[in-house]
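Hi,

Here is the structure I promised to pass on. Have a look at it first, and then read my notes below.

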Amino acid sequence: MTVTLDRVSFRYEEMDMFFDAVFPPRALTAVIGPSGGGKSTLLNLIAGFETPLAGRVLIDGADVTALPPDRRPVSMIFQDNNVFAHLDLWRNVALGVSASLRLDAAQQQRVDDALAEVGLGPLARRLPGEISGGERQRVAVARALVRERPVLLLDEPFAALGPALRDDMLDLVKAMQDARGLTAIMVTHQPEDAARAASHTAYLENGRIVALRPTADLFSATDVPGLAAYLGDWKGA
């Protein structure tokens, strides 16, 4: 599904933001840029946690601007994995299907399959405190998967992980995005995350999307204001 921000304006504290962009369907797009530039706000506008002052949010051509988050075809994974400490991993994932945790046989199988897919099947009855931080993020990924929404938003979900674990999680998300044909938009402060996993990358600064291009094209560009200063000495592209 194509995600379109059609002349969306928003104000946060002293910053006026304006987003006008089309995120490609069935692709993983990274969003990079300086801290405080509006990257998380961009995701919140798509998810419905924030309401534009003007403009429209379109998903697959349908105007969802007035819809609450639970009625949008969107799932979101945060840096704070929102895993509930008193529930085992199976029930944490099952919350993605039903907050009541009353699941029929088919729904229970969806939870089992999602846990297996992220490599946590044998740990299903453990509590979050008994597993690692990387494994807790796998729980968050599995919970997003069982929601079966075609748009996946990721707000720096792996920032707290070390380089090796972060690469593992990026590879996992990319494989799942490819297999399901999801439209994924991932905020990251690490350009190497974009280079590793994203087919497209947007550079966002001061509440504006300065450029959105295929990742290799963006990182080799010399005509994107602010990008060279942001990347600094990074040569990973």
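What is the mean pLDDT of the protein, and what share of its residues reach 70 or more? Keep in mind that this is a predicted model. Its mean pLDDT is 93, and 98% of the residues get to 70 or more. Broken down by element, confidence is lowest in α4, with a mean of 90, and highest in β3, at 98. As a rule of thumb, predicted coordinates should not be read in detail where pLDDT is low.

Now to the backbone. Most residues other than glycine have a negative phi, and I have two cases here that go the other way. Arginine 26 is not a glycine, yet its phi is positive, at about 55°. You'll find arginine 26 in the loop that links β2 (15-23) to β3 (28-32). Glutamate 156 isn't a glycine either, and its phi is also positive, at about 45°. Look for glutamate 156 in the loop between β7 (151-155) and α5 (163-180).

Are these two buried or exposed? Arginine 26 has a relative accessible area of 60%, so it counts as exposed, the cut-off being over 50%. Glutamate 156 comes out at 17% relative accessibility, which means it is buried, as that is under 20%.

Next, a pair of helices. How do α3 and α4 cross? The axes of α3 (residues 105-117) and α4 (residues 133-146) come within 9 Å, and they cross at roughly 140°. That angle makes α3 oblique to α4, because only angles over 145 degrees count as roughly antiparallel. The crossing of the two helices is right-handed.

Which residues make the contact? On the α3 side they are Arg110, Val111, Ala114, Leu115 and Glu117, while α4 brings in Ala142, Leu145 and Val146. Sorted by type, the residues of this contact are six nonpolar and two charged, with no polar ones.

One last residue to click on is arginine 166, which sits in helix α5. Is arginine 166 buried or exposed? Its relative accessible area is 9%, so arginine 166 is buried. What does arginine 166 touch, if you leave aside its neighbours within four places in sequence? Its contacts are Phe158, Leu161, Gln190, Glu192 and Asp193.

Happy browsing!

Note on methods
Residues are numbered from 1 along each chain as its sequence is written. This is a predicted model: local features need pLDDT of at least 70, side-chain atom pairs count only at pLDDT 80 or more; totals for chains, interfaces and linings use all residues. Side-chain values use heavy atoms; hydrogens and water are left out. Helices (H or I, at least four residues) and strands (E, at least two) are DSSP runs, numbered from the N terminus. Buried means under 20% relative accessible area, exposed over 50%, partly exposed in between (1.4 Å probe, protein chains only). Axes are lines fitted to C-alpha atoms, for helices over the stretch in contact, and angles run from 0 to 180 degrees between N-to-C directions. Angles under 35 degrees count as roughly parallel, over 145 as roughly antiparallel, 65 to 115 as roughly perpendicular and the rest as oblique. A crossing is left-handed if the near helix is turned anticlockwise from the far one by less than a right angle, and right-handed if clockwise. Contact means heavy atoms within 4.5 Å. Ala, Val, Leu, Ile, Met, Phe, Trp, Tyr, Cys and Pro count as nonpolar, Asp, Glu, Lys and Arg as charged, and the others, Gly among them, as polar. pLDDT is the predictor's confidence in each residue, from 0 to 100.
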